[in-house]
Amino acid sequence: MNSIAQQYDCLLIDLDGTVYRGRRATEGAVDALAEVHSRKLFVTNNASRSADEVAEHLRELGFPATGDDVVTSAQSAARLLAGQLPPGSKVLIVGTEALANEVTAVGLRPVRRHDDDPVAVVQGLSLTVGWPELAEAALAIREGALWVAANVDPTLPTERGLLPGNGSLVAALRTATGAQPQVAGKPAPQLMKDAVGRGDFRAPLVIGDRLDTDIEGANAAGLPSLMVLTGVNSARDAVYAQPAHRPTYIGHDLRCLRQDPTLLAVAPQPGWQLRVADRSVTVSANGEQRGDDLSVVRAVANAVWNAQFDGRSFSIEAGDEQARGALCHWSLMHGD
């Protein structure tokens, strides 16, 4: 049996909520990734740290990594700016020095004040950004400065729970200015394209926990994706996801990289029979289930997505007690 990790020659792996939560690795992640022989690139929407700093954090948690293994939204934001501005242009930084250094690396000049006459604003997560920094950016954006956001994640997964992400601060500037930023990170395809461009890869796979960034970003870039349940979104979220947010595979955590890809795929699953009516999906047990307890989730997601309910309400119902128990475990029953 070939594992899913063996089927793809490059894994584009999200960090926050997938590899770690704050300063804790997700369960089994260190050993699971150590067994993978494909190229591993850690692709993060978090622009607060440099690639080398991210790699150092990974090593502290037990993952062997260097800066060359890390692709950040700060790097992609800087490239996005450089593609639209003359060399030496002033860019107002709302974020960390790591973001400013990426802007410098592409030949642009970072500044911190509106009075410095910036022609662009770049915004990335910083845990110390406050009203003064947002005010400087608002003035520049209102005067027509190009605005690039490293990402628009509303939350940041940590060991303490979900905390405000860069998207929450972007929303403040959007409200204050009425403008919309260009987005470098996921779900925009630029970050994924930059990552794939690091080598000559024939079969990349995106791995992440968020449907609205990791999975949507994979779909936008035309890449297959594996959703893991260690971060923001749940199995129920996947079943009810809109088309842009639908993953190719669903697994518990990074340990699923050892599993057969045919069992991880959102597709009909051995042991489950599904009947789709006008506005309902009925699930019944049908013989011995293979794989893990997410098999029912993958089978139901496949049926729901192919039913094309087109925004109409529908119910998921159990045809027997075994199916009821499996559906209730993942809160998939109508009204759960």
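This passage describes the domain arrangement, the salt bridges and some local backbone features of a predicted model.

The domain assignment divides the chain into three parts, with domain 1 built from residues 4-45 + 187-259, domain 2 from residues 74-183 and domain 3 from residues 267-330. Between domain 1 and domain 3, the centres computed over C-alpha atoms lie 24 Å apart, and the contact between the two domains involves 13 residues of domain 1 and 12 residues of domain 3. The size of an interface is often expressed as the accessible area that is lost when the parts come together. By that criterion, domain 1 and domain 3 bury about 1100 Å² between them, of which 67% falls on carbon and sulfur atoms. On the side of domain 1, the residues that lose the most area to domain 3 are Val239, Ile250 and His252, which together account for 48% of what that side buries.

The search for charged pairs across the interface of domain 1 and domain 3 gives 0 salt bridges, whereas 5 residue pairs, with both residues at pLDDT 80 or more, are in polar contact between these domains. Two elements of secondary structure, α10 (235-239) and β15 (249-251), each contribute at least two residues to the side of domain 1 that touches domain 3. Of the elements on that side, α10 gives the most, with 4 residues. Sorted by residue class, the side of domain 1 that touches domain 3 comprises 8 nonpolar, 3 polar and 2 charged residues.

Over the whole structure, 15 salt bridges are found. One of them pairs Asp14 with Lys186, with the closest N and O atoms 3.1 Å apart. This pair connects distant parts of the chain, since Asp14 lies in the loop between β1 (10-13) and β2 (20-21) and Lys186 in the loop between β12 (182-183) and α8 (190-196), at a separation of 172 residues. Asp14 and Lys186 are both buried. A network of salt bridges links these two residues with Asp214. Lys186 also takes part in an unusual backbone feature, as a cis peptide bond with omega of about 15 degrees joins Lys186 to Pro187. Pro187 is placed, like its partner, in the loop between β12 and α8.

A further salt bridge brings together the side chains of Arg39 and Asp69, with an N to O distance of 2.7 Å. Here too distant parts of the chain are linked, with Arg39 in strand β4 (residues 39-44) and Asp69 in the loop between α3 (51-60) and β5 (70-72), 30 residues apart. The two partners fall into separate accessibility classes: Arg39 is partly exposed because its relative accessibility is 31%, and Asp69 is buried because its relative accessible area is 14%, under the 20% limit for that class. In the salt bridge between the side chains of Arg113 and Asp115, the N to O distance is 3.0 Å. Arg113 has a relative accessible area of 42% and is therefore partly exposed, whereas Asp115, at 51%, passes the limit of 50% and so counts as exposed.

Most residues other than glycine have a negative phi, and most peptide bonds are trans. Against this background, Asp117 has a positive phi, near 60 degrees. Asp117 is located in the loop between β7 (109-111) and β8 (120-123), and its relative accessibility of 57% places it among exposed residues. A positive phi, near 55 degrees, is likewise found for Ser331, which belongs to the segment after α13 (321-329). With a relative accessible area of 33%, Ser331 is partly exposed.

Gln190, finally, is situated in helix α8 and is partly exposed, with a relative accessible area of 25%. The C-alpha atoms of Gln190 and Ala77 are separated by 8.7 Å, although the two residues are 113 residues apart along the chain. When residues up to four places away in sequence are left out, the residues that Gln190 touches are Ser76, Leu80 and Ala184.

Conventions
Residues numbered from 1 in each chain as written. Predicted model: local features only at pLDDT ≥ 70, side-chain atom pairs only at ≥ 80, totals over all residues. Heavy atoms only, no water. Domains from an automatic or database assignment. Contact = heavy atoms within 4.5 Å. Buried area = accessible area lost by both parts, 1.4 Å probe. Salt bridge = Lys/Arg side-chain N within 4 Å of Asp/Glu carboxyl O. Polar contact = N/O pair within 3.5 Å; in protein donor to acceptor, adjacent residues only side chain to side chain. Nonpolar A, V, L, I, M, F, W, Y, C, P; charged D, E, K, R; others polar. Buried < 20%, exposed > 50% of the residue type's maximum accessible area, 1.4 Å probe, protein only.
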